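Trainee: I would like a close look at a single part of this model. Please take me through the sheet and what packs on it.

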Amino acid sequence: MNVFIADDDRIIVQGLRKMILDLNDGFTVIGSAYNGEDALEKLLSSDVDLLITDIKMPIMDGLELIQKIKLHKPEIRIIVLSGFDEYHFIRSSLKGGATDYLLKPINRDEFYDVLQGLRKECEDHTSMEEQQLPHSQQSEAPNVNSIIKKAKGYIHQNYQKKISLETVAEYVGLSECYFSSLFKSKTGMRSYDYLCQVRMESAKQMLRTNLNLKIYEIALNVGYPEVVSFNRNFKKYTGVSPKEYRENYLTYPHE
């Protein structure tokens, strides 16, 4: 599971990162932020399975972060960090979609128990899904290929909209955990990365052929309501910004 940590205390961020590294059980910290606004921006452009967030942070607190990220990526699991005197915040966070909470100072054993509980939950969903599928769909059968083909088709038809792992999994009739595992095992990439690839290739074509479109308009046309997230993903995918890509094409149209 890809993990993102949001806390304004750098020592806590470093401590949690080290605990996850020491656990060495399939959890990887792929990013961190020290305020809610920065966290939201990074989360929107990252493939994150688990968010660990403090309640009290500057600029945007944990409750607002949970509310906003759940609108965009409802499939993300969330662990809330809180002090002993903040139970009303904990209740609000759980109502807002948090999965679990931990009290500060963080106890290593309790932290590991929560992580392993999340892993078991995901594995149980996957196991149940596999047991419910016909035998032909549990092997290298055409039905499995049909599921992947159906998922890819849905992504190609809907990449301009706000779609997520949950959306695609629901469309093909599988749980998020099982679909995620199945898609990656059959294609070699995460469904989020495939969606990003489809969006970026479409954006590249628009940048080359629709010169009258502004960058923010292209971002909207390929499913990014926030141009900052689009710019970051585009540069990550191509190595240059959308503006640089267009300028390079106009200068060297055949390269």
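Mentor: Here is the sheet, then its helices, then one loop residue beside it. This is a predicted model, where local features need pLDDT of at least 70, side-chain atom pairs count only at pLDDT 80 or more, and totals for chains, interfaces and linings use all residues. Residues are numbered from 1 along each chain as its sequence is written, and side-chain values use heavy atoms, without hydrogens and water.

The sheet is open and has five strands, ordered β2-β1-β3-β4-β5, with parallel pairing. Strands are DSSP E runs of at least two residues, helices H or I runs of at least four, both numbered from the N terminus. Two strands pair if DSSP finds at least two bridges between them. At the edges are β2 (28-33) and β5 (100-103), each pairing on one side only. Neighbouring strands are turned by 20 degrees against each other on average, direction ignored. Five parallel bridges join β3 and β4 (77-82). There, D54 stands opposite L81 of β4.

Now the helices. α2 packs on the sheet and touches β1 (2-6), β2 and β3 (contact: heavy atoms within 4.5 Å). Its direction makes about 160 degrees with that of β1. Axes are lines fitted to C-alpha atoms, for helices over the stretch in contact; angles run from 0 to 180 degrees between N-to-C directions. α3 (62-72) lies across β1, β3 and β4, at about 155 degrees to β3.

Finally, D49. This residue sits in the loop between α2 (36-44) and β3 (50-54). D49 counts as buried because its relative accessibility is 18% (buried: under 20%; exposed: over 50%; partly exposed in between; 1.4 Å probe, protein chains only). The D49 side chain reaches the backbone nitrogen of N2 at 2.7 Å.

Conventions:
A polar contact is a pair of N or O atoms within 3.5 Å; within protein, one must be able to donate a hydrogen and the other to accept it, and residues adjacent in sequence count only if both atoms are side-chain atoms.
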